[in-house]
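Here are some exercises to work through with the model open beside you. Try each task before you read its solution.

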Protein chains: 2
Amino acid sequence: MKVEVITIGDEILIGQIVDTNSAWLGSILNAQGLKIVQITSISDTSEAIVNAVNSAFDRADLVLMTGGLGPTNDDVTKKTLAEMFQVNLVLNQDVLTHIQNLFSKKGYLMKPIHEQQALVPENCKILFNEFGTAPGMLFEIGNKILVSMPGVPYEMKSIVSNQLIPFLKEKFTFPTILHKTILTQGWGESIIAEKIKPIEDDLPQFIKLAYLPSVGAVRLRLTGVGDEFEINQIHDFSIKIKEVLDEIVFGEDEETLAGNIGKLLVAKSRTISIAESCTGGNIAKLFTENPGSSAYFKGGIVSYANEVKVDVLGASLCTIENFGAVSEETVKEMVLGVKKIMNTDYAIATSGIAGPGGGTIEKPVGTVWVAVSGPNFIVAKKFFFPEARDRFITRVSLTALMMMYKEIKK
Amino acid sequence: MKVEVITIGDEILIGQIVDTNSAWLGSILNAQGLKIVQITSISDTSEAIVNAVNSAFDRADLVLMTGGLGPTNDDVTKKTLAEMFQVNLVLNQDVLTHIQNLFSKKGYLMKPIHEQQALVPENCKILFNEFGTAPGMLFEIGNKILVSMPGVPYEMKSIVSNQLIPFLKEKFTFPTILHKTILTQGWGESIIAEKIKPIEDDLPQFIKLAYLPSVGAVRLRLTGVGDEFEINQIHDFSIKIKEVLDEIVFGEDEETLAGNIGKLLVAKSRTISIAESCTGGNIAKLFTENPGSSAYFKGGIVSYANEVKVDVLGASLCTIENFGAVSEETVKEMVLGVKKIMNTDYAIATSGIAGPGGGTIEKPVGTVWVAVSGPNFIVAKKFFFPEARDRFITRVSLTALMMMYKEIKK
């Protein structure tokens with residue numbers, strides 16, 4: 001089954017927003033074994049919509065549209081589709097009741113304009129929109145299917161996951177598909193490719209490997225399409241890859257590095273704290289964005305000023321003056337200081353020069369010291385990441401977390 | 001002049017990467033007064049490329065393509081274009097020299113496959129690619145223009161900014177265009193729209209207003225197209241809007257809230273520190289992601305555990321036990337504590353329930369107290385933001401920064 005996506009809205013064309021809906025659709029459909037052959041972003045005019053739908057129908061069996069379903073006059077998608085299919089707009093009582101409930105829950109006043117959201121082309125099947133007023137609408141036109149959904153990401157995602165995919169699965173036979181994603185931190189794509197080349201060369205036709213790099217991390221996604229017996233080989237291949245990449249693997253699928261450190265800490269009933277200089281709170285943020293992190297994350301100190309390193313963390317002024325704030329000696333005092341002050345079992349500390357200013361010949365922008373400490377160890381390492389400030393902060397944060405992960409896992 | 005964008009690559013269609021190139025092109029061309037009428041993402045096959053280019057030429061005068069110009073065999077764009085225009089690929093000496101220089105600078109070995117990057121269709125004009133091996137290629141076909149560029153964002157951006165736009169400006173007359181963006185924090189889109197309705201109704205035809213909402217903030221962008229005298233009225237309108245929205249405006253154009261607090265602090269030679277519970281390091285991160293923040297940001301304490309609020313921040317255990325960690329009393333002790341410990345002039349503190357767990361009937365998930373303090377004031381406010389954890393963290397952070405901004409600006 002060939003799929004196309006049409007996103008409607010001037011805000012995409014003038015770059016006000018980035019079209020993340022299409023990428024999400026691409027990834028979720030791909031996980032089901034469906035292939036998107038084209039994504040088209042158009043203006044919200046009837047002419048553009050009619051042209052885009054017609055030419056998508058020339059190529060694809062399933063066309064997914066997002067956007068253009070708001071209550072105001074500039075949203076013309078519903079009217080255009082009704083005209084295209086030469087049907088009337090009719091009031092759907094279930095949708096109306098749902099809209100009324102949404103408004104009464106929020107305590108907002110419902111206006112006539114909102115009631116119009118319950119008018120739908122009479123030939124459509126409703127895909128219930130739990131979170132919003134514009135329902136998803138599914139049209140079966142000959143052997144083609146057209147689906148129109150709101151552009152608000154969480155509304156659209158809920159409709160696709162809870163309504164559309166179950167509908168499609170009931171109607172069509174889907175290939176069996178299996179994914180396994182291996183998460184790594186520490187090496188670039190090309191080094192990883194070199195290391196696992198023998199395994200990659202061995203992959204059967206029905207298993208594909210994709211490299212998904214981001215700053216400081218590379219995800220390796222194995223995708224198998226075929227019969228159940230065959231694609232179960234994915235597990236064997238993922239084990240082989242994890243063996244070769246053992247020193248950089250920290251998890252699988254939707255896991256995160258900070259989250260997995262958290263799981264290890266919870267299992268051991270241990271706690272952690274952070275002293276951050278150049279990462280400026282980002283490592284604390286990576287821990288605390290996980291629900292339940294208060295079980296193991298006690299706190300952090302962002303010691304940007306040297307004064308704070310001394311007065312709050314208890315690093316020695318003498319050490320900072322002799323070796324500098326960005327030094328093995330200082331970062332070790334920081335990590336021991338925060339561990340003691342916060343009374344935790346483990347601690348991480350970072351001190352580096354994020355730039356663009358602050359570099360010297362001896363310690364250029366990009367220089368950073370990271371220390372990790374636990375009940376019976378302290379390790380400090382120097383790194384050099386000469387890149388833009390935001391990328392530097394991300395890479396140092398992940399590098400520091402990976403150092404900690406390896407120690408706790410031992 | 002109507003513009004279309006074609007992005008080539010399976011990684012977009014399967015959702016491995018989000019197509020940010022199109023949004024960037026939309027925004028940069030819009031700033032020049034050019035309108036993108038359609039964005040099409042396709043697979044890197046000859047058939048898809050030929051079809052996409054032909055149908056884009058039906059609608060647009062200028063077609064910009066990105067992607068599919070790598071040295072490997074799976075990149076077919078260049079070959080496809082040469083076939084389409086029935087021309088040969090010829091070696092361009094300037095491009096070859098540039099590629100050789102790139103390789104020798106990085107100390108990499110240049111292979112025959114890289115030399116092929118200097119082969120270009122003989123009917124194209126080269127748009128120099130400072131940062132990569134694949135040159136931009138511009139084709140004038142009748143009165144239409146087709147441009148093929150690499151998909152690597154920073155290579156593409158440099159080609160567009162430094163080569164393509166100057167070329168187009170020389171060849172065509174562009175409208176004069178002016179943008180002014182007003183940054184606000186605190187009210188939703190619909191309240192803002194109500195407040196500035198009289199001003200919006202007054203806007204002349206040649207000035208458009210766009211609402212650009214994100215979590216916790218709304219940007220208002222005025223765009224004027226016309227003659228210079230006319231569009232200078234944008235300044236008057238932006239002043240009128242800022243007057244009406246005075247209590248929520250924090251800046252203009254590319255400024256940030258934390259950055260603007262920083263500017264005020266630098267001007268006064270003052271410093272700031274942060275005590276964060278529910279925002280978990282995010283406010284510190286928002287300050288420290290700005291280059292030069294060490295001039296005014298001394299540090300922060302992420303006091304996730306109550307123990308840390310008492311032992312490190314010096315809040316009283318008695319207060320926490322009597323009133324709870326999420327209370328006016330505790331957040332005030334936190335803000336005074338961090339200000340004292342970090343020895344700063346100003347401080348911000350947050351304490352709330354980010355969820356999904358941890359809520360009670362009296363203090364449900366989404367409850368948060370924020371305190372700000374300065375040389376002679378302390379203000380604490382309670383908010384209720386019942387939403388997903390990541391959105392809660394962002395909204396509380398911006399709300400707290402806005403409280404601080406208003407106090408410092410007084």
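**Exercise 1. How many residues line the largest cavity, and which of them lie nearest its centre?**

Solution. A bit of housekeeping: this is a predicted model, where local features need pLDDT of at least 70 and side-chain atom pairs count only at pLDDT 80 or more, while totals for chains, interfaces and linings use all residues. Residues are numbered from 1 along each chain as its sequence is written, chains are lettered from A and ligands numbered from 1 in the order in which they are written, and side-chain values use heavy atoms, with hydrogens and water left out.

Step 1: get the term straight. On a 1 Å grid over the protein atoms alone, a cavity is a set of points where a 1.4 Å probe fits but cannot get out, and lining residues have an atom within 4 Å of a point.

Step 2: list the lining. It has 14 residues, and those nearest the centre are A:Asp19, A:Ser22, A:Ser41, B:Asp19 and B:Ser41. The elements giving two or more residues to this lining are α2 (20-31) and β2 (35-42) of chain A, plus α2 (20-31) and β2 (35-42) of chain B. Helices (H or I, at least four residues) and strands (E, at least two) are DSSP runs, numbered from the N terminus.

Step 3: sort by class. Eight of the lining residues are nonpolar, four polar and two charged. Here Ala, Val, Leu, Ile, Met, Phe, Trp, Tyr, Cys and Pro count as nonpolar, Asp, Glu, Lys and Arg as charged, and the others, Gly among them, as polar.

Step 4: put a volume on it. The largest cavity holds about 120 Å³ of space, and the structure has three cavities of 30 Å³ or more.

**Exercise 2. Find which elements are joined by the salt bridge between B:Asp10 and A:Lys35.**

Solution. Step 1: check the pair. A salt bridge is a side-chain nitrogen of Lys or Arg within 4 Å of a carboxyl oxygen of Asp or Glu, and B:Asp10 and A:Lys35 meet at 3.9 Å, N to O.

Step 2: place both ends. B:Asp10 sits in helix α1 (residues 10-13) of chain B and A:Lys35 in strand β2 of chain A, so the pair joins two chains.

Step 3: look at exposure (buried is under 20% relative accessible area, exposed over 50%, partly exposed in between, with a 1.4 Å probe and protein chains only). B:Asp10 is partly exposed at 28%, and A:Lys35 is partly exposed at 36%.

**Exercise 3. In the salt bridge of A:Lys298 and B:Glu307, is A:Lys298 buried or exposed?**

Solution. Step 1: the closest N and O atoms of A:Lys298 and B:Glu307 are 2.6 Å apart. This pair crosses between chains, from strand β14 (residues 297-303) of chain A to helix α14 (residues 306-311) of chain B.

Step 2: A:Lys298 counts as buried because its relative accessibility is 9%. B:Glu307, at 34%, counts as partly exposed.

**Exercise 4. How many residues apart are A:Lys332 and A:Glu328?**

Solution. Step 1: both lie in helix α16 (residues 328-341) of chain A, four residues apart, about one turn of the helix.

Step 2: their side chains form a salt bridge at 3.1 Å, N to O. A:Lys332 is partly exposed at 26%, and A:Glu328 is partly exposed at 29%.

Conventions
On a 1 Å grid over the protein atoms alone, a cavity is a set of points where a 1.4 Å probe fits but cannot get out, and a pocket is an open set with protein on both sides within 12 Å along at least five of seven lines; lining residues have an atom within 4 Å of a point. Grid points are joined across faces, edges and corners, and a volume is the space filled by probe spheres set on the points.
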